[in-house]
Amino acid sequence: MKLIRRIADVRAEVARARRDGRRIGFVPTMGFLHEGHLSLIDRCRELSDWVVLSIFVNPLQFGPGEDLERYPRDLERDVSAAGARGVDLIFAPDDRELYPGEQTVVVTPRRLADRLCGLSRPGHFEGVLTVVAKLFAIVQPDVAVFGQKDYQQALLIRKMAADLDLPVRIEVAPTVRDPDGLAMSSRNDYLSEEERQRALRIPRALADAVGVYRAGARDGPRLRAGILGNLEAGGGVDVEYVEVVSGDALEPVERLDDDTLVAVAVRVGGTRLIDNVRLGSPDPGLETLV
Ligand code: AMP
């Protein structure tokens, strides 16, 4: 496995892999790898035969006052975890390599970014789409794998690839959870044990929503109110949003169906956590809580 810092060197390696007839797979991350990221690598290896992992904490997607500076980093550990999972190349540029000057051109979503996480993080998805477009242009993958945990992000990347005719297949892999149900996240590292206990209301509330749906509930607003109540019961969890929306347009739904997405964002202590579930799709990590 190679660890590469420069765009030109990635291009040379990619050209070689292509000459060898390889199908190129790509997993973009911000590093501090956990089993969720590693599951994307596994999926990517199933779909390709040469896997590039990028590790880059993208300043463009952080707003003022967010955790850019204190975002956890451990490149050495990431390199050994990625190597053990069969990554062929890690691209870990520094800020100046990807942003040598201010971007004159960025990728701005016209729709779907004005809701859910986009409301509290203005410019966030513009930053995400811009860096992913740049990384796609550098790596030129045949397939790229993203996590359902960041559902809105994966949806926007899919739309970007379709609308800009990017020749890449976008694959979305299921959310990986700790045994207690909490979705894995690099930011879970910020949580104290006591905060983590409070954070467990998130998977429990999502599992409860799935259970209620399976038992026949079909009223969107009522489900939403129930989830909100579960998250807030006992205090100590600040709810940013609870949304019960269609999986494609992210529009609030009156009537629940299998396509409905339940998405939440909360703050526990200073830590912002997001999670979601599709009511009709299996989420193995939630099953024991349903
Ligand atoms: P990040 O490093 O947080 O930017 O995440 C990089 C990729 O890993 C994104 O596609 C995320 O959706 C995905 N990811 C993060 N957490 C998880 C998880 N718990 N399960 C599956 N994928 C995840």
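A polar contact, as I shall use the term, is a pair of N or O atoms within 3.5 Å; within protein, one must be able to donate a hydrogen and the other to accept it, and residues adjacent in sequence count only if both atoms are side-chain atoms. The model is predicted, so local features need pLDDT of at least 70 and side-chain atom pairs count only at pLDDT 80 or more, while totals for chains, interfaces and linings use all residues. Residues are numbered from 1 along each chain as its sequence is written, and side-chain values use heavy atoms, with hydrogens and water left out.

I begin with the ligand. An N or O atom in the side chain of D150 is 2.6 Å from an oxygen atom of the ligand. Two backbones also take part: an N or O atom of the G147 backbone lies 2.9 Å from a ligand oxygen atom, and one of the M184 backbone lies 2.8 Å from a ligand nitrogen atom. The ligand taken alone exposes 490 Å², of which the protein buries 93%; these areas come from the Shrake-Rupley method with a 1.4 Å probe.

Which residues are the closest to the ligand? They are H37, G147, D150, V176 and M184, out of 17 that surround the ligand, each with a heavy atom within 4 Å of it. By class, this shell has 8 nonpolar, 7 polar and 2 charged residues. Here Ala, Val, Leu, Ile, Met, Phe, Trp, Tyr, Cys and Pro count as nonpolar, Asp, Glu, Lys and Arg as charged, and the others, Gly among them, as polar. Helix α2 gives the most to the shell, with 3 residues. Helices (H or I, at least four residues) and strands (E, at least two) are DSSP runs, numbered from the N terminus.

Next, the interior. The largest nonpolar core has 46 residues, and L98 and F136 touch the most other members. Such a core is a set of buried Ala, Val, Leu, Ile, Met, Phe, Trp, Tyr and Cys residues joined through side-chain atoms within 4.5 Å. Helix α6, residues 124–139, supplies the largest share, 9 residues. Another core, of 27 residues, lies apart from it and includes Y213 and L279.

Finally, I turn to two loop residues. T260, between β7 and β8, counts as buried because its relative accessibility is 1%, whereas G234, between α10 and β7, counts as exposed because its value is 79%. Buried means under 20% relative accessible area, exposed over 50%, and partly exposed in between (1.4 Å probe, protein chains only). A polar atom of the T260 side chain lies 2.9 Å from the backbone nitrogen of D257.
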